[in-house]
Amino acid sequence: MWNVVALLAGLYALLALAGCMTYRMALFPAPHGPAPAAPPGATLRELRADDAVPVLAIHFPAPPGARTIVHFHGNGETVQNVLPFGQALAARGIGVLLVEYRGYGPSTESPTEQG
């Protein structure tokens with residue numbers, strides 16, 4: 001019986017160690033790819049985070065008097081994936097700023113919760 005308990009404890013320890021070593025990949029899958037081309041009516045912008053890290057964004061300007069929505073994609077996506085969403089909002093007369101996270105798309109930085 002003690003052998004079974006020791007085996008289960010060892011398996012649990014290995015599972016916990018694997019979880020500690022790989023949790024960042026689950027939280028920040030960070031798909032990489034080239035910077036998307038700005039679609040018609042939009043501009044590709046390079047913004048700077050507080051620590052001067054460059055961050056890519058695609059801006060669909062709002063018509064005069066209209067509001068602008070700032071959209072951050074999900075953790076398994078890039079700006080490229082949400083371009084149709086931005087285009088659909090822009091077609092309805094809403095300004096849109098699609099912002100990339102550091103470490104995603106063309107960014108070479110590592111994604112972090114703080115970043």
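1. Let's start with His73, which sits in the loop between β3 (68-72) and α2. Keep in mind throughout that this is a predicted model. Is His73 buried or exposed? With a relative accessibility of 3%, His73 counts as buried, because the cut-off for buried is under 20%.

2. What does the side chain of His73 pair up with? The partner is Glu100: a polar contact of 2.4 Å joins the two side chains. Setting aside neighbours within four places in sequence, His73 is also in contact with a handful of other residues, among them Thr78, Val79 and Val82. Val99, Tyr101 and Tyr104 are on that contact list as well.

3. Val79 is a good next stop, since His73 is one of the residues it touches. Not counting residues up to four places away in sequence, Val79 also touches Pro36, Ile58, Leu98, Val99 and Glu100. So both ends of the His73–Glu100 polar contact turn up among the residues that Val79 touches.

4. Val79 also belongs to the largest nonpolar core, a set of 9 residues. The other members are Ala42, Ile58, Phe60, Val82, Leu83, Leu89, Val96 and Leu98. Which elements give two or more residues to this core? They are β2 (54-60), α2 (79-91) and β4 (95-99). The helix α2 gives the most, with 4 residues.

5. Now for another histidine, His59, which has its place in strand β2. At 18% relative accessibility, His59 counts as buried, because the limit is under 20%. Its side chain makes a polar contact of 3.5 Å with the side chain of Arg45.

6. Where does the chain come back to His59? Val96 is 37 residues away in sequence, yet the two C-alpha atoms are 5.9 Å apart in space. Val96 is in contact with His59, and so is Leu97. Leaving aside neighbours within four places in sequence, the rest of the contacts of His59 are Gly41, Ala42, Thr43 and Arg45. Two of these contacts, Ala42 and Val96, are members of the largest nonpolar core.

7. Over in strand β1 you'll find Leu44. At 41% relative accessibility, Leu44 counts as partly exposed, because that class runs between 20% and 50%. Beyond its neighbours within four places in sequence, Leu44 is in contact with Pro36, Ala38, Leu56, Ala57 and Ile58. Ile58 is a member of the largest nonpolar core too. For a sense of distance along the chain, take Leu17: it is 27 residues from Leu44, and their C-alpha atoms are separated by 41 Å.

8. Have a look at Ala52 while you're in this part of the chain. Ala52 is placed in the loop between β1 and β2. Its phi is positive, about 70°, although Ala52 is not a glycine. Ala52 has a relative accessible area of 45%, so it is classed as partly exposed.

9. Last, the largest pocket, which holds about 180 Å³ of space. Which of its 14 lining residues are closest to the centre? Those are Glu46, Pro54, Leu56, Pro106 and Ser107. Both β1 (43-48) and β2 supply at least two residues of the lining. By type, the lining divides into 8 nonpolar, 2 polar and 4 charged residues. Leu56, one of the residues closest to the pocket centre, is also among the contacts of Leu44.

Notes: Residues numbered from 1 in each chain as written. Predicted model: local features only at pLDDT ≥ 70, side-chain atom pairs only at ≥ 80, totals over all residues. Heavy atoms only, no water. Core = buried A, V, L, I, M, F, W, Y, C linked by side-chain atoms within 4.5 Å. Buried < 20%, exposed > 50% of the residue type's maximum accessible area, 1.4 Å probe, protein only. Contact = heavy atoms within 4.5 Å. 1 Å grid on protein atoms, 1.4 Å probe; cavity = no way out; pocket = protein on both sides within 12 Å on 5 of 7 lines; lining within 4 Å. Points joined across faces, edges and corners; volume = space filled by probe spheres on them. Nonpolar A, V, L, I, M, F, W, Y, C, P; charged D, E, K, R; others polar. Polar contact = N/O pair within 3.5 Å; in protein donor to acceptor, adjacent residues only side chain to side chain.
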